[in-house]
Amino acid sequence: MLTNSIYQEEQIPTQFERFWRSYRSNNMAMFGLWCLGFLLLITITSPWITPYDPQEQTRHLLVPPSWNPAGSVEFFLGTDDLGRDILSRLIVGSQLTFGAAIIITFIAAVIGCIIGILAGMTKGLLSSTLNHLLDTVMSIPSLLLAIIFVAFLGFGEFNILLAICLALIPRFIRSVYIAVHTEVEKDYIMAARLDGANDFYLLWNSIIPNILTVIAAETSLALSIAILDITALGFLGLGAQAPSTEWGAILGDSVELIYLAPWTMTLPGLAIMFTVIIINLVGDGVRRALNTGIE
């Protein structure tokens, strides 16, 4: 084929293309990404794909899952002690657990990253005070911190989500603050300042691209913590109350049936475990791909 160019120019891949190539080469990360997309699809479309009303009490009490000889395909994952379809309750409950965790993690990430970046660019007494204050807050587990906030805000699903969001913000502030503060002290930042680069240019073109791995790692960890905290508070009766379809509340309602009908407690627990594992797989894949792109 004729061409006007004698020299073949090599196409340099963009940063996103390098990231995607590295991520796509990780089979476990791709498996996690497909599963995460499947979970998101179920969460978004849950009101329309449930086979039954999650609160409907049928006459079929404690029907085992369909793979049990005593089970029925009509109720694929069985029913609980009130005759409610477990599959429908788990599908709708994904909005209150997985969907709510995504929203509060996003809010906490935005607020925490902004404060952490601004704090990391500062020096002196303010930076030192914030560092020691965050060390003190981070010594308290997020679940205990959420319970403390609930004690002041009161019970209820909205207050629980607000409390967990407030408990996650210090994690982002601390991680981003340390990453930015470490990056600012490097030689190439000092050289760029000597060339006349202002703080906004350094932040947008140099610092943020180099701390993306920290933000990705903290986001995946925070999302897992948010899911576990929502379900833990629901299980303890401090969050979503019966007859809520939140996965932790379903677990709390089924504790007394663990020997009589173990599937009523096992299936929500498996849903929580599967979701957390998938999030960690995706987060680890993003972290590795970003590190490869930086190197």
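Leaving aside its neighbours within four places in sequence, which residues is Arg84 in contact with?

1. Let me start with that one. Setting aside the neighbours within four places in sequence, Arg84 touches Pro54, Gln55, Glu56, Gln57, Gly78, Thr79, Arg89 and Pro243. The residue belongs to the loop between α2 and α3. With a relative accessible area of 7%, Arg84 falls under the 20% cut-off and therefore counts as buried. Bear in mind throughout that this is a predicted model.

2. Arg84 also has a charged partner. It forms a salt bridge with Asp80, and the closest N and O atoms are 2.8 Å apart. Asp80 is buried too, at a relative accessible area of 6%. In general terms, side chains of opposite charge can pair when their charged atoms come close. If you are browsing the structure, this pair is a good place to stop, since Arg84 is buried at 7% and Asp80 is buried at 6%.

3. How many salt bridges does the structure hold? There are four. Besides the Arg84 pair, look at helix α11 (residues 263-294), where Arg287 and Asp284 sit three residues apart, about one turn of the helix. Their closest N and O atoms are 3.2 Å apart, and they form a salt bridge. Asp284 is bridged to Arg288 as well, with 2.8 Å between the closest N and O atoms. Arg288 and Asp284 are four residues apart in α11, so about one helical turn separates them. Put together, Asp284, Arg287 and Arg288 are linked in a network of salt bridges.

4. Is the α11 network buried or exposed? Arg287 is partly exposed, with a relative accessible area of 26%. Asp284 is also classed as partly exposed, at 26% relative accessibility. Arg288 has a relative accessible area of 52%; the cut-off for exposed is over 50%, so Arg288 is exposed. Set that beside the Arg84 bridge, where Arg84 and Asp80 are buried.

5. Now the overall fold. The chain has 11 helices and zero strands, so you won't find any sheet to orient yourself by. Buried residues make up 43% of the 295 residues. Along its principal axes, the C-alpha trace spans about 75 × 65 × 25 Å. Of the contacts with a separation of 6 or more, 69% are between residues 24 or more positions apart.

6. On to helix packing. Two packed helices are described by the angle between their axes and the distance between the axes. Helix α6 (residues 157-184) packs with helix α9 (residues 212-236) at about 160 degrees, with the axes 10 Å apart. Roughly antiparallel is the label for angles over 145 degrees, and that is therefore how α6 and α9 run relative to each other. Their crossing is right-handed. Among the residues making the contact are Ile160, Leu161, Ile164, Leu168 and Phe172 of α6, along with Val214, Ile215, Leu221, Ile225 and Leu233 of α9. Arg171 of α6 and both Glu218 and Asp229 of α9 take part as well.

7. What is the angle between α2 and α3? It is about 125 degrees, and the axes are 8 Å apart. That makes α2 oblique to α3. The crossing of this pair is left-handed. On the α2 side the contact includes Leu36, Leu39, Leu40, Ile42, Ile44 and Pro47, and on the α3 side it includes Ile91, Val92, Phe98, Gly99 and Ile102.

8. A backbone detail you may want to check by eye: Leu62 has a positive phi of about 50 degrees although it is not a glycine. Most residues other than glycine have a negative phi, and most peptide bonds are trans. Leu62 lies in the loop between α2 and α3 (86-120). Its relative accessible area is 23%, so Leu62 is partly exposed.

9. Last, a word on confidence. The chain averages a pLDDT of 84, and 94% of the residues score at least 70. Among the elements, helix α2 (residues 27-49) has the highest mean pLDDT, 93, and helix α4 (residues 125-138) the lowest, 71. Where pLDDT is low, the predicted coordinates should not be read in detail.

Terms used: Residues numbered from 1 in each chain as written. Predicted model: local features only at pLDDT ≥ 70, side-chain atom pairs only at ≥ 80, totals over all residues. Heavy atoms only, no water. pLDDT = per-residue confidence, 0-100. Helix = DSSP H or I, 4+ residues; strand = E, 2+ residues; numbered from the N terminus. Salt bridge = Lys/Arg side-chain N within 4 Å of Asp/Glu carboxyl O. Buried < 20%, exposed > 50% of the residue type's maximum accessible area, 1.4 Å probe, protein only. Axes fitted to C-alpha atoms, helices over the stretch in contact; angles between N-to-C directions. Parallel < 35°, antiparallel > 145°, perpendicular 65-115°, else oblique. Left-handed = near helix turned anticlockwise from the far one by under 90°. Contact = heavy atoms within 4.5 Å.
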